[in-house]
Amino acid sequence: MSTPALLRERRSVRHFTAADPGRERVAEVIEDAAWAPSGGNEQPWEVMALSPGECARLRDRFEQRTWAGLVPKVRTLLEAAVGGPLPMAEVGPRIHARIEVDGLVRGAPWALVVHTRPPAPPDPAALTEAGAWTRAALPPRWQAPASVAAFVSGPLDARVRRDSCVGFVLSLCLAAHARGLGTCIQYGYLAFEDELKATLGIDPRQALVAVVMLGWPDPESPINAAAIEGARRRPVPVEWR
Ligand SMILES: Cc1cc2nc3c(=O)[nH]c(=O)nc-3n(C[C@H](O)[C@H](O)[C@H](O)COP(=O)(O)O)c2cc1C
C-alpha cells in the first residue's frame, strides 16, 4: 500500500469480526507507532492493552454512557439529513437506532488505552537558578524573561507531551491499517477519566489520552461499507503566500 493510499483509505471501524488479531500482531502495531515524532523524542506515551475479553468488559461498563453526551449532536445530524425538525415522537427512537447501529462497537476488538504522565509543575527555585546561570554564561539574546521560562517548562511542556501522544495514537491507526486491521479512536471514554483509571488500575496522576479499538474489520458490515463509500473531506483552508 502506498503512503498516500494508507493516509486516504484508513477509516474508523466500529464493526469488527469475532477473530482475535492476537497479542503478537497488536504488539507489532504498538512498536510501529512508537516511531511517531515526539517533543524532545521523549516518547511520553504509555499503553494498557486490553485483550478482547477485557475490552468487552470495558465496553459493557462505559460504552453506552460515552454516547449519552452526544445525543443532542446526533439529533442535529439526523435533522440536517432530513432537512428540518423531526417530530418529538420520532426523535428518541431514531437517535437510539442511529447510535445502536452506527455508533456502538461490535465484535471482538482489543482496546488500547493510551495515557501519559503529565510533567511536574515547574519548580520556581530551579527556574531562578537556571535564569542566573543563563545570564552568567550566555549572551543576552539567549535569556528568556522569567514568564517565558515558566511557560516553556509548565503549560507548553504539558502540551508537547500530550500532543506527542496524539501523534502516537494516529500512528497506531495507520500502522494497524497497513496490516489490514481496523481502528476507532474513542474519546467518549475521556468523559469518565477518573472512573476509567480506577476501574483499570491506572495511576490517577496519569492523563488519559485516548481509547483505541483495534481488530479485524467485519467485511459483512454495511456500516463499514458505508464509512468507506461515504467518506468525505472538505478542502483544507490553506492561505498560500
Ligand atoms: C480526537 C478524536 C476523537 C474521536 N472520538 C470518537 C468517539 O468517541 N467515538 C467514535 O465512535 N468515534 C470517534 N472518533 C472517530 C471519528 O468519528 C472519525 O475519525 C471521523 O468521523 C472521520 O471518519 P474516518 O476516521 O472514518 O475518516 C474520534 C476521532 C478523533 C480524531
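This report describes the ligand and the pocket around it in a predicted model.

Local features need pLDDT of at least 70, side-chain atom pairs count only at pLDDT 80 or more, and totals for chains, interfaces and linings use all residues. Residues are numbered from 1 along each chain as its sequence is written, and side-chain values use heavy atoms, without hydrogens and water.

The residues around the ligand (a heavy atom within 4 Å of it) are R10, R11, S12, R14, W67, C184, I185, Q186, Y187, G188 and R233. By class, this shell has four nonpolar, three polar and four charged residues. Here Ala, Val, Leu, Ile, Met, Phe, Trp, Tyr, Cys and Pro count as nonpolar, Asp, Glu, Lys and Arg as charged, and the others, Gly among them, as polar. Strand β3 (residues 182-186) gives the most to the shell, with three residues; strands are DSSP runs of E with at least two residues, numbered from the N terminus.

The table lists polar contacts (pairs of N or O atoms within 3.5 Å) between side chains and ligand oxygen atoms.

| Residue | Distance to a ligand oxygen atom |
|---|---|
| R11 | 3.0 Å |
| S12 | 2.6 Å |
| R14 | 2.7 Å |

The protein covers 63% of the 620 Å² of accessible area that the ligand has on its own (Shrake-Rupley method, 1.4 Å probe).

The ligand takes up the space of the largest pocket. A pocket is an open set of points on a 1 Å grid over the protein atoms alone where a 1.4 Å probe fits, with protein on both sides within 12 Å along at least five of seven lines.

Note on methods:
Polar contact = N/O pair within 3.5 Å; in protein donor to acceptor, adjacent residues only side chain to side chain. 1 Å grid on protein atoms, 1.4 Å probe; cavity = no way out; pocket = protein on both sides within 12 Å on 5 of 7 lines; lining within 4 Å. Sits in = over half its atoms within 2 Å of the grid points. Helix = DSSP H or I, 4+ residues; strand = E, 2+ residues; numbered from the N terminus.
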